[in-house]
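Me: Hey, got a minute to walk me through this one? I'm new to it and would like to start with the charged pairs.

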Amino acid sequence: MKPFDVYPLFDIEPVKAHDCWLWDKEGKKYLDFYGGHAVISIGHTHPHYVKKIEEQLEKIAFYSNSVKIRQQEELAQKLGVISGYENFALFLCNSGAEANENAMKLSSFHNGRKKIIAFEKSFHGRTSLAVAATNDASIQAPVNSHDIVFLPLNDEAAFEKAMNNDVCAVIIEGIQGVAGIQMPSDDFLKLIRKKCDETAAVMILDEVQSGYGRTGKFFAHQFSGVSPDIITIAKGMGNGFPVAGILIAPHIKPKYGLLGTTFGGAYLACVAAIAVLDVIEMQHLVHNSKEVGEYLINKLKTMEGIKEVRGRGLMIGVELHSNATQVRNDLVFKHQIFTGSASNKNTVRLLPPLTVTKVEADHFLKGFALTLQSHLQSVSQ
């Protein structure tokens, strides 16, 4: 047997990691400016994180949700305080796709409707309903057929026209990640909140990639001042340990059997997530994201060969004037710097750990400037 071949891979095998750095099996050192799809929030193998997981592993690693798991309550309480959503409830699951799946299903349970409004270039996951709400036909199988309406992002007229009393929920990313860092405007988020209130639809904020302090606030939507009905979280929540969840407003009521999961909220997942919140607080990583992110964005905007720089904090999209594939390849193979791609093939995505310093930012900027210079010279020849 061999792995099912669905991933295009760099011919690099990391075997060790610490903070913002990786080492391959040959001993070569790489700067991680992608964090494995924004997963590495507090840096690779953070000592507090490793210690907490090891301590829990020696006690009990797993039991089902048929017993009381104190760590779930500790995580919910801590997350409520640090995020500003103390009056919300927390349901724990395993991945961002599962979080969005449960968010939309819970919305339908709540109001008895089935139509979902999502947005062009969206990405919400690969499970049945989540992938149906993802605006990419290439990853949707015939079985993924649901009542989804896709609208242009930030098109207020189109949104107002589409909203009516048949809409179950509106799902929108705090910042569209896979699309290449496309941001909903504050006014657009406020309009969604207003129309959801008028029609009793559920407003779902997908903060799977844009949450957990990455943008300089705990959640990206908090720049707009809106409060959604459900918030989905994953990626940076566990710093590499599979854990996800949905934050649920108090007017959406639970009942036994409404949602369920085997592995969600197990001891190790909760301890990993608690350790991440500990480090975010101890090292003031939300502030660091804002400070280093602004530094990066301002420096990038001065570089030749860049069409546009988008983003907030440490969620940054750098759009070039042509396909960015070769630039990304040169960054990793010539300068040992990992970056990310996007559905917009001209865009390089930057999602470094929230622990990144200005020294490491300068290391990236130097390599990126040299790569752009080389790329511009090859294009002009």
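Reply: Sure, we'll go through some salt bridges and then the nonpolar cores. Keep in mind that this is a predicted model.

Me: OK, how many salt bridges does a search of the whole structure find?

Reply: It finds 15.

Me: Pick one for me. What does Asp197 pair with?

Reply: Asp197 has a salt bridge to Arg193, with 2.9 Å from N to O. Both sit in helix α7 (residues 186-199), and because they are four residues apart there, about one helical turn separates them.

Me: And are those two buried or exposed?

Reply: One of each. Asp197 is exposed, at 53% relative accessible area, while Arg193 is buried at 13%.

Me: Which salt bridge does Lys195 make?

Reply: Lys195 meets Glu198, at 3.0 Å from N to O. These two are three residues apart in helix α7, so about one helical turn lies between them.

Me: How exposed is each of them?

Reply: Lys195 is buried, with a relative accessible area of 13%. Glu198 is partly exposed, at 46%.

Me: Let's leave the helix. What does Glu319 pair with?

Reply: Glu319 forms a salt bridge with Lys307, and their closest N and O atoms are 3.6 Å apart. This pair links distant parts of the chain: Glu319 is in strand β12 (residues 315-320) and Lys307 in strand β11 (residues 306-312), 12 residues apart.

Me: Which other residues join Lys307 and Glu319 in a network?

Reply: Glu308 and Arg310 do; salt bridges with shared partners tie the four into one network. As for burial, Glu319 is buried at 9%, whereas Lys307 is exposed at 52%.

Me: Switching topic: what about the largest nonpolar core, and which residues touch the most other members?

Reply: That core has 57 residues, and the ones touching the most other members are Tyr212, Leu296, Leu300, Ile306, Phe364 and Phe368. Helix α8 (residues 267-282) contributes the most to this core, with 11 residues.

Me: Take Leu300. What is Leu300 in contact with, leaving aside neighbours within four places in sequence?

Reply: With those neighbours set aside, the contacts of Leu300 are Ile306, Val309, Ile316, Val318, Leu350, Phe364, Leu365 and Phe368.

Me: And what's in the second core?

Reply: The second core is separate and has 27 residues, among them Ala130, Ile148, Ala169 and Leu259.

Me: Why would nonpolar side chains be found together like that?

Reply: As a general tendency, nonpolar side chains in soluble globular proteins tend to be buried together.

How values were computed
Residues are numbered from 1 along each chain as its sequence is written. This is a predicted model: local features need pLDDT of at least 70, side-chain atom pairs count only at pLDDT 80 or more; totals for chains, interfaces and linings use all residues. Side-chain values use heavy atoms; hydrogens and water are left out. A salt bridge is a side-chain nitrogen of Lys or Arg within 4 Å of a carboxyl oxygen of Asp or Glu. Buried means under 20% relative accessible area, exposed over 50%, partly exposed in between (1.4 Å probe, protein chains only). A nonpolar core is a set of buried Ala, Val, Leu, Ile, Met, Phe, Trp, Tyr and Cys residues joined through side-chain atoms within 4.5 Å. Contact means heavy atoms within 4.5 Å.
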